[in-house]
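Here's a quick walk through one model, starting from a single residue and working outwards. Keep the viewer open while you read.

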Amino acid sequence: MTEPTSNATEPLSATVRAELAERWNAHPGIARMGVRLEIVSRTELRATVDPIELHHRGGGMGTPAVNGPTIAAIFDLVTGLTGYLQAPGQKVGVAQLNIQFLRPVLGDRFEIVGRPHKTGRSLVFVGCDLRDATGTVCAKADGIVSVSPSDATGELAL
């Protein structure tokens, strides 16, 4: 891995964070997932599902727990966007995602928080925790986000 990119250490202003969150939250796919994104800082992204809807639940056994595909999709989203915050204006993609399902996600809401662990020019290592409404960690994910500077637009993008 090479030295961290220079823009990865510069803070994102409250205005930029709000504009990005507004654009991301307006995306039809994110809205369909029932996720609300909040960019706390360049190093903390929160995704909240509140309330948990019927399509988030069940899995093959019809249980009230949130199903695995929902959890995996939101971990993928948070991992990728956390990586993007480390390389704004550059093309990114989740290259690897490892999930640990620790206990069922029950209740009416949950939150996933993503944080970068290490940032380089071409890779960002991200860790995420999923907490239920009681604050209990129900799942964890570690991911690697690939950064493609050759495809960079230089502009903040969705």
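## An acid without a partner

Let's begin with Asp132, which sits in strand S7, residues 123-132. Bear in mind that this is a predicted model. Is Asp132 buried or exposed? Asp132 is buried, yet has no salt bridge. The nearest side chain of opposite charge belongs to Arg103, and that is 6.9 Å away. A salt bridge needs a Lys or Arg side-chain nitrogen within 4 Å of a carboxyl oxygen, so Arg103 at 6.9 Å doesn't qualify.

What Asp132 does have is a polar contact of 2.6 Å, side chain to side chain, with Thr134. Setting aside residues up to four places away in sequence, Asp132 also touches Leu106, Arg109, Phe110 and Cys138.

## The sheet

Zooming out, there's an open sheet of six strands, paired antiparallel in the order S1-S2-S6-S7-S8-S5. Which strands are at the edges? Those are S1 (35-41) and S5 (91-101), each pairing on one side only. From one strand to the next, the twist averages 20°.

Two helices pack on this sheet. Helix H1, residues 14-26, touches S1 and strand S2 (44-49), and its direction makes about 165° with that of S1. Helix H3, residues 68-86, touches S1, S2, S5, S6, S7 and strand S8 (137-148). The direction of H3 makes about 135° with that of S5.

## Strand by strand

Strand S7, home of Asp132, has S6 and S8 beside it in the sheet order. Towards S6 (residues 110-119), nine bridges make the antiparallel join, and Pro116 stands opposite Val126 in S7. On the other flank, nine bridges join S7 to S8, again running antiparallel. Leu123 has Ser146 in S8 as its bridge partner.

S7 and S8 also form a hairpin, with four residues between them. Which residue in that turn has a positive phi? Gly135 does, with phi at about 90°. Moving on to the edge, 10 bridges join S5 to S8 in antiparallel fashion, and Ile99 stands opposite Ala141 in S8.

## Cys128, inside the sheet

Back in S7, take a look at Cys128. Cys128 has a relative accessible area of 2%, so it counts as buried. Its C-alpha atom is 4.3 Å from that of Gly114, although the two residues are 14 apart along the chain.

What is Cys128 in contact with, leaving aside its neighbours within four places in sequence? The list runs Phe75, Val78, Thr79, Ile112, Val113, Gly114, Ala139, Lys140 and Ala141. Among them, Phe75, Val78 and Thr79 fall within the residue range of H3. Ile112, Val113 and Gly114 fall within that of S6, while Ala139, Lys140 and Ala141 fall within that of S8.

## Leu85, on the helix side

Our last stop is Leu85, in helix H3. With a relative accessible area of 1%, Leu85 is buried. Leu85 and Leu45 are 40 residues apart along the chain, and their C-alpha atoms are separated by 8.8 Å.

Not counting residues up to four places away in sequence, Leu85 touches Leu12, Leu20, Trp24, Ile39, Ser41, Arg42 and Leu45. Of these contacts, Leu20 and Trp24 belong to the stretch covered by H1. Ile39 and Ser41 come from the stretch of S1, and Leu45 from that of S2.

Conventions. Residues are numbered from 1 along each chain as its sequence is written. This is a predicted model: local features need pLDDT of at least 70, side-chain atom pairs count only at pLDDT 80 or more; totals for chains, interfaces and linings use all residues. Side-chain values use heavy atoms; hydrogens and water are left out. Buried means under 20% relative accessible area, exposed over 50%, partly exposed in between (1.4 Å probe, protein chains only). Lys and Arg count as positive and Asp and Glu as negative; His and the chain ends are not counted. A polar contact is a pair of N or O atoms within 3.5 Å; within protein, one must be able to donate a hydrogen and the other to accept it, and residues adjacent in sequence count only if both atoms are side-chain atoms. Contact means heavy atoms within 4.5 Å. Two strands pair if DSSP finds at least two bridges between them. Axes are lines fitted to C-alpha atoms, for helices over the stretch in contact, and angles run from 0 to 180 degrees between N-to-C directions.
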